[in-house]
Amino acid sequence: MHTFPTLPAIRAARHRLGDRVETTSVRRLRDDALTARLAPGTELWLKEELFQRTGSFKPRGALTVMFQLSAEQLALGVTGVSAGNHAISLAYSARELGSTAKVVMPRTANPYRIALCRELGAEVVLVDTVHEAFERARAIEQEEGRTFVHPFEGPLTALGTATVGLEFIEQVRANGHKLDAVVVAAGGGGLTGGVACAVKLLAPDTAVYVVEPEGADTMYRSFEVGAPQSIDKVRTIADSLGAPRCEPYSYALNREYVNEVVLVNDEQILDAMRLLYRSAKLVTEPAGAASLAAVLGPLRDRLAHKRVGVVVCGGNVDSASFCAYLAGQL
């Protein structure tokens with residue numbers, strides 16, 4: 001039996017995070033090019049987590065986990081697996097808490113993200129596949145005594161990511177409104193589960209939709225089967241959403257609070273990136289545009305005449321890659 005975050009616990013977690021994380025901006029996006037693409041009457045609100053410390057939502061979960069480590073554990077350091085954003089957040093969190101990070105990343109990871117990890121003080125180990133990365137990190141844990149901080153699984157990670165949902169609902173309410181739906185992308189389910197939990201605790205009638213790329217559809221498959229599932233390989237341009245498997249806690253949390261999981265393809269993600277750049281002037285990584293891709297695609301008609309919140313989860317992309325995305329060269 002799993003224990004899920006409570007509203008008082010989420011509020012306490014946000015208080016403890018303090019100014020180590022930003023209360024990222026929320027805004028209603030008004031633009032003719034966007035309106036032409038949305039269903040009639042859809043009102044879009046953005047939660048801009050790409051402006052978070054390290055460029056993504058990830059420090060919320062990593063810090064919440066690391067706050068629970070003893071002085072001895074912090075002295076030995078942490079390790080983790082990531083295509084980029086979690087590794088960057090571990091480097092940042094370790095530096096903030098006086099610890100060290102040794103992160104394992106696939107060789108295909110964006111060189112910009114690898115460089116950022118190193119700039120923040122992390123030691124980076126490169127391997128061939130995501131599956132191999134998990135094995136190597138577990139070996140580091142055993143050999144060096146470092147604490148393994150999972151990229152998305154576990155109650156503390158979800159408690160940290162739930163602060164995104166808490167802020168989103170309360171910021172929109174401060175503007176005198178209520179969201180009819182929240183759309184958020186999954187890269188394993190830690191963010192989506194935490195956000196969905198907070199949203200439902202604060203606004204039970206608000207629908208929560210989770211988005212995955214077709215090439216990394218572990219949560220979608222898990223919902224279809226009714227149990228956590230794996231994939232053999234990640235096949236999507238949105239590498240930040242490339243979880244090789246769905247884990248038990250994240251699955252249970254999402255199953256409890258999420259209304260539906262939908263899929264988008266890479267072309268839809270690229271199209272949404274271009275629209276975010278044009279309409280919102282945002283430079284996002286592919287993962288950061290996946291939620292909007294769902295609003296423009298599989299969820300479009302259902303969101304007509306609805307006030308919809310979209311989590312823009314990250315913006316860690318180098319300029320050359322982003323320009324290539326805009327130009328349709330990747």
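## Helix 6 and its two sides

Start with helix 6, residues 111-119, where R113, I114, L116 and C117 are buried. Looking down the axis of helix 6, you'll find those buried residues within an arc of 160°, so they line one face of the helix. That fits the usual geometry: an α-helix has 3.6 residues a turn, so residues three or four places apart point the same way.

Flip to the face turned away from the buried side of helix 6 and you meet P111 and E119, which are exposed. Keep in mind that this is a predicted model.

## The sheet

Next, the strands. Four of them make an open sheet, and its order is 5-4-3-6 with parallel pairing. At the edges sit strand 5 (123-127) and strand 6 (147-148), each of which pairs on one side only. In general, strands of a sheet pair through backbone hydrogen bonds, either parallel or antiparallel.

Take strand 3 (residues 78-81) and strand 4 (residues 101-106) as a worked example: they run parallel and are joined by four bridges. If you want to find one of the bridges on screen, go to V81, whose bridge partner in strand 4 is V104.

## The largest pocket

Now for the empty space. Rolling a probe the size of a water molecule over the atoms shows where such space is left. The largest pocket here comes out at about 550 Å³ in volume. Its lining is made up of 29 residues, and the ones nearest the centre are A83, V130, V234, D239 and G242.

What is the lining of the largest pocket like, chemically? It splits into 14 nonpolar, ten polar and five charged residues. Helix 5 (85-96) and helix 7 (130-144) each chip in with at least two lining residues. Helix 7 gives the most, with four residues.

## Cysteines without partners

How many disulfides does the structure hold? Zero. Take C246: its nearest cysteine sulfur belongs to C197 and is 16 Å away, and C246 is in no disulfide. C246 is also buried, at a relative accessible area of 5%.

C313 tells a similar story. The closest cysteine sulfur to its own is that of C117, and because the two are 16 Å apart, they are too far for a bond; the cut-off for a disulfide is 2.5 Å between the sulfur atoms. With 6% relative accessibility, C313 counts as buried. C117, you may recall, is one of the buried residues of helix 6.

Definitions and conventions
Residues numbered from 1 in each chain as written. Predicted model: local features only at pLDDT ≥ 70, side-chain atom pairs only at ≥ 80, totals over all residues. Heavy atoms only, no water. Buried < 20%, exposed > 50% of the residue type's maximum accessible area, 1.4 Å probe, protein only. Pairing = 2+ DSSP bridges. 1 Å grid on protein atoms, 1.4 Å probe; cavity = no way out; pocket = protein on both sides within 12 Å on 5 of 7 lines; lining within 4 Å. Points joined across faces, edges and corners; volume = space filled by probe spheres on them. Nonpolar A, V, L, I, M, F, W, Y, C, P; charged D, E, K, R; others polar. Arc of directions from axis to C-beta.
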